[in-house]
Amino acid sequence: MALHSETGGIHLSISKELLSEMYRKMLRIRKFEKTASVFFAEGKIPGFVHLYIGEEAIAVGTCANLRDDDFITSTHRGHGHIVAKGGNLKYMMAELFGKETGYCKGKGGSMHIADAELGILGANGIVGAGHLIATGSAWSAQYRGTDQVSVCFFGDASTNQSTFHEAMNLASLWKLPVIFVCENNLYGISVSQARHQNIKDISQRAVGYGMPALSADGNDVLTVYEKVGQAVSRARAGEGPTLLEFKTYRQHGHFEGDSGAYRPKEEVEAWLQKDPLPRFESHLLESSILTEEELEAVRREVDEEIREALEFADASPYPAPESSVQDIYSDLIEEARIR
């Protein structure tokens, strides 16, 4: 079936099953993050928590184009990327709670979740770290002669880091199969884009590297799906990297506990009207893809998934104190030293 985005683009045929799964994953991210917000406020989640609420369309629209063996790199605001790539909610929730059953045995927490089996090369608390990791994994695919691709998720402010420019330059020079996905939520912590960059569109930065790029509505999941699909096709065909800038907005502060007082109320209200989840729900209903009863069934199923993840995390033990010195070095490195 041909679907139209609210920005006017015409989309290729997308099955009901895929559209339903995209909705499920967007809802899964939203409910996971809402739950994390509540339990962080209650003191059950240690450290910092950076929520993805309001940006769900980018992660889901992007990862809907990927295979399990494709790679992604993430950021400190990475829960949505992990869920969209197929991450296990129980292991994610346990990691946030600091439990040993978590993805990283409770040692990574909110900002450092990884699952190599799903190609998730890790969320990262270091701003801009993913640029080079994604470029390196793309080079590995090229070197091994596979058609795997790498997707690098990052924020607007990280494009001021040297890692961004180094990665863009090398990826373009070597025609690496990497898609740079900028989630431009208009703020680097509390600093608006206009105060840290003298350009309107981050996609302009691709010009200096001879790389195709575009800017698009990041709150329209169908637009994201279409634009990323084109970039993935280019990468798999050996035609090199693409920079995609998706304009979006985080509905919570930079981190939980941040009041967001630096953002004008009118701006916040205007972006809430562009919330990607109800926009996609409207698409599905108006296009007669799903009924309200079907949407409600998905909501109930996701609520149950979240409940089970919470029970799993709550019942799981904390890591033993002696485990703090474990998992520091790779077994491969130790074996190499012995040899």
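Which residue forms a salt bridge with K105? In this predicted model, the partner is D327, and the closest N and O atoms of the pair are 3.3 Å apart. The two residues link distant parts of the chain: D327 belongs to the loop between helix 11 and helix 12 (331-338), whereas K105 belongs to the loop between helix 4 and helix 5, 222 residues apart. K105 counts as partly exposed because its relative accessibility is 41%, a value between the 20% and 50% limits of that class.

Salt bridges number 21 in the structure. One of them joins the side chains of D303 and K31, with an N to O distance of 3.0 Å. Because D303 lies in helix 11 and K31 in helix 1, this pair ties together parts that are 272 residues apart in sequence. Both partners are partly exposed, D303 with a relative accessible area of 40% and K31 with 22%. A further salt bridge is formed by the side chains of D69 and R67, at 2.9 Å from N to O. Here the relative accessible areas are 36% for D69 and 31% for R67, and each residue is again partly exposed. In addition, E281, E292, E296 and R299 are joined into one network by salt bridges that share partners.

Helix 11 (residues 292-315) comprises 24 residues and spans 35 Å from its first C-alpha to its last, close to the expected 34 Å. Its buried residues are L295, V298, R299, V302, I306, A309, L310 and A313. These residues pack against helix 1, helix 4 (89-96) and helix 10 (276-286). R299 is thus listed among the buried residues of helix 11 and is also a member of the salt-bridge network.

The largest nonpolar core contains 63 residues, of which Y23, F97, I179, V221, F246, F280 and L284 touch the most other members. Helix 1 (residues 16-41) gives the most to this core, contributing nine residues. Beyond residues up to four places away in sequence, I179 touches V149, S150, V151, C152, A231, V232, A235, T242 and L244. A second core, separate from the largest, consists of 17 residues, including A134, F164, F180 and A206.

At the surface, W139, Y143, L173 and W174 make a nonpolar patch of about 520 Å². Y143 is located in helix 5 (residues 129-144) and counts as exposed because its relative accessibility is 65%, a value over the 50% limit.

Key:
Residues numbered from 1 in each chain as written. Predicted model: local features only at pLDDT ≥ 70, side-chain atom pairs only at ≥ 80, totals over all residues. Heavy atoms only, no water. Patch = residues over 30% accessible without salt bridge, like charges linked within 9 Å, V, L, I, M, F, W, Y side chains within 5 Å. Areas by Shrake-Rupley, 256 points an atom, 1.4 Å probe, with all protein chains shown as cover. Salt bridge = Lys/Arg side-chain N within 4 Å of Asp/Glu carboxyl O. Helix = DSSP H or I, 4+ residues; strand = E, 2+ residues; numbered from the N terminus. Buried < 20%, exposed > 50% of the residue type's maximum accessible area, 1.4 Å probe, protein only. Core = buried A, V, L, I, M, F, W, Y, C linked by side-chain atoms within 4.5 Å. Contact = heavy atoms within 4.5 Å. Expected span 1.5 Å × (residues − 1).
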